[in-house]
Structures are given as C-alpha cells and as structure tokens.
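This report goes through a structure in running text, with one small table. The sequence and coordinates come next.

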Amino acid sequence: MAEAAVAALEAVEVDYPGRGRALGPFDFRLGRGEIVALVGPSGCGKSTALRLLAGLEAPTRGVVRRAAKRGDTSVVFQSPTLAPWLSAVGNVALPLELDGIDRRTARAQAAQALARVGLAGAEKARPVQLSGGMAMRASLARALVTEPEVLLLDEPFAALDEITRRALADDVLALWAVQKPGIVFVTHNVEEAVYMASRVVVMTPGPGRSAGELVVDAPSPRAPAFRTSAVFRDAAEQLSDMLAAAMQAARASAA
Amino acid sequence: MRRAIDWLAPAAMVIFVLAAWEASCRLLQVPIFFLPPPSTIAVALAQNAGLLFVSAGRTLGTALGALAVVSAMANLAALAAASSRTIERGFSPLAVTLQVTPIVALAPLFQVWAGIDHPQRAVIALACVVAFFPIYSGALTGLASADPELERLFDLYGASGWQRLFRLRVPSALPHVLQGHKVALGLALVGAVIGEMSVGAGGEEGLAWRILEASHRLQMDKSFAALVALALMAGTLNFAYQALEKAVLRWWRGR
C-alpha cells in the first residue's frame, strides 16, 4: 500500500500565528481507492490536515505529497458552496470550464455528473431552489466531475438531517464504487466514520496528532443492514473508547 | 388590516398637512408671493404642466446621461482597483477627494472649463462627480465580497487571475453594484439640479431653472409647482429603480 499512496503527509506541523501549534507532528497516507476517516474533537486540526492535502495551505514543517495536476484533487466543503448566480449544471461544469474545456462539452459532462448523484432534471435549478441535501449532491457532482484521484470531504453532512445524511453516505459509497477515488473524510461523528471508512484515524485535541487507527473490516459499499451488524457496533464502540482515551490523555498532559 | 393602515396613515398625514397649510394661508391671509396655498400651487402645476414636463425631461436626461457616463468610468476604475492593490491604493486619495469635496465649490471651475457656450457640459460633469464615489465604492466592495469558500474552490482548480475576476468576483459583486447605482442615481439628480442652479442652463432649461426663474419673479406658485414636479420625478425614478433592482436580483439569484 505504501507505494500506491495517492496523497501523503510526512511529519507535517502547522503553526498559526497567535494560536500556536494547530497540527502535528502528523503522518498520514491515503492509498489508491482507499476511504479513510479523520475523527477528532473540534479544533483538532483535522480540517487543517484536509487543507494541506488539498494544497490550499502549506505546512510550517514537513512534506505534503499530492497529485499536482488540477482536477486530481477535489474538495467538498461543509456547506455546498455553490455560486448563486449559476444553475446547478453551471456550478458542476465550473471546474471543467476553469480548466479550459469548452462550454458545451463541460456542460454535457456536468449534466451526466448530476444524473449520477440523482439530480437528473435539476440541471437548470439555481442553488436557492435546491434543498440542503440536493445542494450537497450538486457539490458532490462538482467534486466528481473532474474524475479526481483524491476526494476530500470536510464534514460534508454536518448541516443535514439524519435521514438525508444517511442517504448521502450511501450515495457517496455507491459513487466511490464506480470511480474509486481515494477519499479522506473528516468528521466528528463516530458512527458516520465507521459507516464510511475502511480505516479510521483518531486525532488528539489540538495540536492534532494521531492517537491511533482502526480498520473497519467490512466490504464497501456497505450492506443494507450494516448499521445493525456486530462489526459496525464493535468498531463504533472501540472508536469511542479510543477518542475518550485521547481526550483524557490530552487533559492529563494539560494539567 | 395592516395593509390598509400602511396606505391610510401616510395618506391621512398628507391630507392633514395640506389642509392645515391651506387653512393657515387663508386664515392668516399670507401673501401669495410669500407662501401660496396648495390649491394655488395645484392650479399653477396644471397650467404649466407642459413646460414642467419638458423641463423635467431635460433634468432627467442630464442625470441619467451623467449616470451612464460615470457608471462606465467608476466600474472600470473599480475593476482595475480590484485586480491590483497598487492601483487601489493609488486611486484612494482621488476617490476620497471626489467624495468629500462639496460639489457647489466645483461649479465655478467647471463653468470656466465648459465655456460660456456649453453650460450643459458643466452640469453633466458636476452630476458625474457626485455620482462617482457610490458606484466606485459599491463595485469595489462587491468585487471583494465573494464567498471565501468559493475563492478556495477557485484556488483548488488553479483558476487564473482573469478567471477569478470575471467568473467569481464580477458576478459576486452584482448586488453591491446595484446598491451603489441606487445611491448614485439620487446623487446624479442632486448634481444635475445643483449644476443647473449654479452654472445656469444655457438653452437646456431644466426644472432647477424653472424654480429659480419663478422665484426671482416672486411667482412662488410656479416655483412650488416646479418643486412638486421635481419631487414627483425623483420619487418615480426611485420607484422605477427599485423595481428594476428587484427584477435583476431575482434573475441573479434565480428567485
């Protein structure tokens, strides 16, 4: 797996002026087609780690390895982040158009990407006309339209209701099964992490470091009753314990 | 019920003020050259309707012409300032000077530059000067108001400076641009009236000229009639602009 890594952080540290160390030292590897969740309390630097992988930020120390070609790394932010003046298809076509692909081809590919996330027929809708779940799907379609090697998801379901977020989690896994991008999924929700990821990295409260890893040994996309299976429950419990231990250790070292 | 109050309250107030005005003029026997009663003003308005209409058209033409010229200039200046911090800093003393200098003080200069045969040019120039700043600062604020997450998305997809300017900042700026033009429209009208009053109108006699002319002859009823025409025109213009702004925003937002 080491040689097949599509993105990696090697001993990275990030210091913010006035706030001190936010992340690190932290090591991380994402294998080709692997789904990894980063789990930790708020402010543990997991979003910072994601921005490093996206190339939106540079580490203070350490090395970031990532595919440099644009379109190879996509990000889905916490909010859908759609341009209000563009239609759904215009928003999804944007990464392609920015890459110089002509408008007609870009829009045709965007329409297909929208269909894949279940938004066929909503091409002309403006973001304001979409529900929260639909807007997030459009955002997902925009991230996938460039067929990225790495898909970074920054708590993408945080603002959605439980039913919608479960449906979207299944959709993300179904889409992953087709394109097989490596996915890094940031969340503070233990169940969601276990449901989505084949490997979960637990992070300590700020500055974020790795407090351990957990492999979820079950096929993706998940079977229909996965949430009630013993594997799911054991993994969720184990993960909760790891998080609690990381929090306690942090409190002990602070005291 | 509430809707009825919204209409009735201002109507009742207007009727009360007009009735009190009319009654005071009659009871106190105020001379007509000092303060004419509303009924006399109404008669003057009706008798001079044709001339006032033509004059209003001229003042309106001056204001709208100035607005068109200054809109092009101020928006271009804002685009240049948004694309380079050096240009923005360079422009700032000029923009602030234009904003804080009382326009009446500029009138004699403009009169000289326009020459005795073309006072109309000085009037337009004065209207341009007062209307510049709100459009410039509205556009500049708008160009800087893009959603930071959308900015990050443009970073991620390696957008060029031009792409960022025309595909993100310019469309993001629209609501602020409209707001700036609303303020500028009112100021252009003020500039046109002040210009006509201080420079003179040449052959193009607008409403301000009618007010001055009537006042100099102590025909206060005619002076008031021109004033009423001016207020009606400004009110209609404002109303029309708000309808336009609403329609454009609806198109921009899709709702």
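Strands, as named here, are DSSP runs of E with at least two residues, numbered from the N terminus. The model is a predicted one. Strand β1 of chain A, residues 5–16, contains A:Ala11. A:Ala11 is not a glycine, yet its phi is positive, at about 50°.

A second backbone feature of chain A is the cis peptide bond between A:Ser220 and A:Pro221, with omega at about -10°. A:Pro221 sits in the loop that runs between β9 (210–215) and α7 (230–254) of chain A.

**Contact between the chains**

Together, chain B and chain A bury about 2200 Å², and 62% of this lies on carbon and sulfur atoms. B:Leu156, B:Tyr157 and B:Arg167 account for 34% of the area that chain B buries against chain A, more than any other three residues. Chain B brings 21 residues to the contact and chain A brings 25 residues.

**Helix packing in chain B**

Two packed helices are described by the angle between their axes and the distance between the axes. In chain B, helix α8 (residues 161–199) and helix α10 (residues 220–253) have axes that come within 11 Å and cross at roughly 170°. Angles over 145 degrees count as roughly antiparallel, so α8(B) is roughly antiparallel to α10(B). On the α8(B) side the contact residues include B:Pro171, B:Leu178, B:Leu185 and B:Val193; on the α10(B) side they include B:Leu230, B:Leu237, B:Tyr241 and B:Trp252.

**Cavities**

How many cavities of 30 Å³ or more are there? The count comes to 3. The largest cavity has a volume of about 50 Å³. Its lining draws on both chains, with B:Arg152 from chain B and, among those from chain A, A:Phe77 and A:Asp154. Helix α1 of chain A, residues 46–54, gives the most to this lining, with 4 residues.

The table sets out the residue classes for the helix contact and for the cavity lining.

| Group | Nonpolar | Polar | Charged |
|---|---|---|---|
| Contact of α8(B) with α10(B) | 16 residues | 5 residues | 2 residues |
| Lining of the largest cavity | 5 residues | 1 residue | 3 residues |

Terms used:
Residues numbered from 1 in each chain as written. Chains lettered and ligands numbered in written order. Predicted model: local features only at pLDDT ≥ 70, side-chain atom pairs only at ≥ 80, totals over all residues. Heavy atoms only, no water. 1 Å grid on protein atoms, 1.4 Å probe; cavity = no way out; pocket = protein on both sides within 12 Å on 5 of 7 lines; lining within 4 Å. Points joined across faces, edges and corners; volume = space filled by probe spheres on them. Nonpolar A, V, L, I, M, F, W, Y, C, P; charged D, E, K, R; others polar. Axes fitted to C-alpha atoms, helices over the stretch in contact; angles between N-to-C directions. Parallel < 35°, antiparallel > 145°, perpendicular 65-115°, else oblique. Contact = heavy atoms within 4.5 Å. Buried area = accessible area lost by both parts, 1.4 Å probe.
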